[in-house]
Amino acid sequence: MWRAAVRALRGRGTGTGAPRAASGAAAAQLRQRLESELEDIRGAGTWKSERVITSRQGPHLRLAGGGAGACGRRRGGRPFHRCHAPACLPLFLPAGIINFCANNYLGLSSHPEVIRAAVEALEKFGAGLSSVRFICGTQSIHKDLEEKIARFHQREDAILYASCFDANAGIFEALLTPEDAVLSDELNHASIIDGIRLCKANKYRYKHMDMQDLEAKLKEAQKHRLRLVATDGAFSMDGDIAPLREICQLAQKYNALVFIDECHATGFLGPNGRGTDELLGVMDKVTIINSTLGKALGGAAGGYTTGPKPLIDLLRQRSRPYLFSNSLPPAVVGCASKALDLLMESNAIAQSMAAKTQRFRSKMTVAGFTISGKDHPICPVMLGDARLASVMAEDMLNRGIYVIGFSYPVVPKGKARIRVQISAVHSDEDIDRCVEAFTEVGRKHGALP
Ligand code: PLP
């Protein structure tokens with residue numbers, strides 16, 4: 001029957017027409033306003049371009065070439081193929097690119113067993129649930145994955161979300177009331193900041209990893225019923241790791257709970273890849289963990305909260321992104337579940353990533369670069385000047401090395417950098433090629449003597 005419906009739609013030419021612009025004065029006014037806003041973004045040099053990958057995610061990529069400039073500029077009505085605006089990176093690229101800018105820390109995004117698990121889940125459980133969890137969107141694989149996540153982190157229970165952004169958006173409002181307080185590191189991820197905005201608790205922002213400031217804020221917050229300290233476990237712009245031991249000591253002293261976002265730690269930090277709490281020996285002191293399935297754990301999508309059972313039970317009742325959004329698709333659940341199996345069997349992949357991180361960090365330091373953070377696969381090559389970071393990243397891509405430059409407002413003024421992310425599936429040769437390219441490009445642009 002559905003075939004007939006598809007034929008009927010095809011017959012009507014559905015989906016083949018040119019886009020229709022909405023008419024009317026309000027639509028025209030909106031278009032004008034949006035175009036002017038977009039031009040402002042371009043003018044400010046903060047346009048984020050998206051390169052199109054034509055292969056699987058992995059250490060070696062193929063990128064689409066040709067077409068309009070990444071910023072979408074046109075010249076004489078035609079795509080502008082050689083746009084040199086800072087927003088646009090070169091479009092005439094070498095065929096094979098070595099990728100150093102994915103969060104694919106363990107290389108599981110294209111792991112054959114992960115892909116097979118996804119295909120099996122897709123075939124057995126279908127494309128999706130067409131439902132939220134509490135109506136008719138909970139399958140046995142969702143429950144199995146939640147149980148596995150809780151076991152992996154050695155916590156009582158876990159709850160899945162469509163993303164960690166959702167997990168962060170859903171936790172603070174469900175947990176904290178105007179009687180409570182939340183104390184948040186100023187450099188926490190945008191999703192934590194947004195999640196905190198949504199809750200009615202009293203808000204304190206402490207200086208990045210500054211324990212004196214956190215203590216002062218904890219003293220001030222003693223008047224509230226409950227205090228929750230919220231921090232990223234590892235910070236994605238600097239590759240630095242939160243001082244969790246000190247945070248937990250202060251939390252104990254001032255009767256506070258600790259929440260960590262482990263997106264850049266789960267699967268690879270700590271002796272068994274459990275995360276920052278394992279690395280720093282405070283697994284029994286951190287109360288709540290939010291993390292993602294979209295980075296080291298297979299890279300598909302999804303997020304979760306793990307912690308005390310009553311908290312997870314409450315989130316199932318009250319957390320809005322959980323209650324009002326579709327269940328994770330079975331294939332995505334299959335990927336994450338297999339990734340966790342692989343990690344629980346052996347920590348060899350995480351160790352291989354750590355060795356490669358060490359190789360990159362030490363060779364770059366010997367070459368004369370300053371790499372921020374310590375031991376983390378996020379390796380920010382500090383350059384200071386925004387233009388230097390941008391032209392160097394562009395030149396690296398010309399040499400087949402895909403890295404991204406970050407400058408203000410993403411990072412503070414004067415702290416522009418190129419962020420390199422190491423994966424377990426980079427070969428030693430890949431790492432060495434990257435260091436060689438940095439050295440050549442750094443000399444060419446005056447970043448190295
Ligand atoms: N928290 C941190 C620290 C992140 O880096 C990210 C993703 O960039 C998120 C949360 C959101 O994760 P997800 O992609 O699962 O929504």
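In this predicted model, Met-209 is partly exposed, with a relative accessible area of 25%. That value falls between the 20% limit for buried residues and the 50% limit for exposed ones. Met-209 sits in the loop that links S7 to helix H8 (211–220). The phi angle of Met-209 is positive, about 55°, although the residue is not a glycine. Ser-130 also has a positive phi without being glycine, with a value near 50°. The loop that holds Ser-130 runs between helix H3 (112–125) and helix H4 (133–136). Ser-130 has 72% relative accessibility and therefore counts as exposed. A further backbone feature is the cis peptide bond between Tyr-408 and Pro-409, where omega is about 15°. Pro-409 belongs to the loop between strand S15 (404–406) and strand S16 (416–421).

The protein chain as a whole contains 16 helices and 16 strands. It has 449 residues, and 48% of them are buried. Among contacts with a separation of 6 or more, 70% link residues 24 or more positions apart.

Seven of the strands form an open sheet. Their order is S5-S11-S10-S9-S8-S6-S7, and the pairing is mixed. Strand S5 (157–161) lies at one edge and strand S7 (202–206) at the other; each pairs on one side only. From one strand to the next, the twist averages 20°.

Helix H6 (residues 164–175) packs on this sheet. Its contacts are with S5, strand S6 (181–185), S8, S9, strand S10 (288–292) and strand S11 (303–307). The direction of H6 makes about 155° with that of S10. Helix H9 (residues 244–253) packs on the sheet as well, touching S7, S8 and S9. The direction of H9 makes about 155° with that of S9.

Gln-249 is part of helix H9. With 55% relative accessibility, Gln-249 counts as exposed, because the cut-off for that class is over 50%. Gln-249 and Val-282 are 33 residues apart along the chain. Their C-alpha atoms are separated by 9.8 Å.

Within the sheet, the pairing can be followed from S8 to S11. Strand S8 (residues 227–232) and strand S9 (residues 256–261) run parallel and share six bridges. Leu-228 has Leu-257 of S9 as its bridge partner. Val-229 is partnered in S9 by Val-258. S9 and S10 are also parallel, joined by three bridges. Here Asp-261 finds its bridge partner in Asn-290 of S10. The sense changes at the next pair: S10 and S11 run antiparallel, with four bridges between them. Thr-292 pairs with Gly-303, its bridge partner in S11.

Burial was then examined for S9 and S10. S9 is mostly covered, as five of its six residues are buried. In S10, five of the five residues are buried, so this strand is largely enclosed by the rest of the structure. In a regular strand, side chains alternate between the two faces of the sheet. The residues of S10 divide in two directions. Ile-288, Asn-290 and Thr-292 point one way. Ile-289 and Ser-291 point the other way. All of these residues are buried. Two of the buried residues, Asn-290 and Thr-292, also take part in the bridges described above: Asn-290 with Asp-261, and Thr-292 with Gly-303.

The second largest pocket has a volume of about 370 Å³. Its lining consists of 19 residues. Ile-241, Leu-269, Leu-279, Lys-374 and Asp-375 lie nearest the centre of this pocket. Helix H14 (residues 348–367) supplies the largest share of the lining, six residues. By class, the lining comprises nine nonpolar, seven polar and three charged residues.

Notes
Residues numbered from 1 in each chain as written. Predicted model: local features only at pLDDT ≥ 70, side-chain atom pairs only at ≥ 80, totals over all residues. Heavy atoms only, no water. Pairing = 2+ DSSP bridges. Axes fitted to C-alpha atoms, helices over the stretch in contact; angles between N-to-C directions. Contact = heavy atoms within 4.5 Å. 1 Å grid on protein atoms, 1.4 Å probe; cavity = no way out; pocket = protein on both sides within 12 Å on 5 of 7 lines; lining within 4 Å. Points joined across faces, edges and corners; volume = space filled by probe spheres on them. Nonpolar A, V, L, I, M, F, W, Y, C, P; charged D, E, K, R; others polar. Buried < 20%, exposed > 50% of the residue type's maximum accessible area, 1.4 Å probe, protein only.
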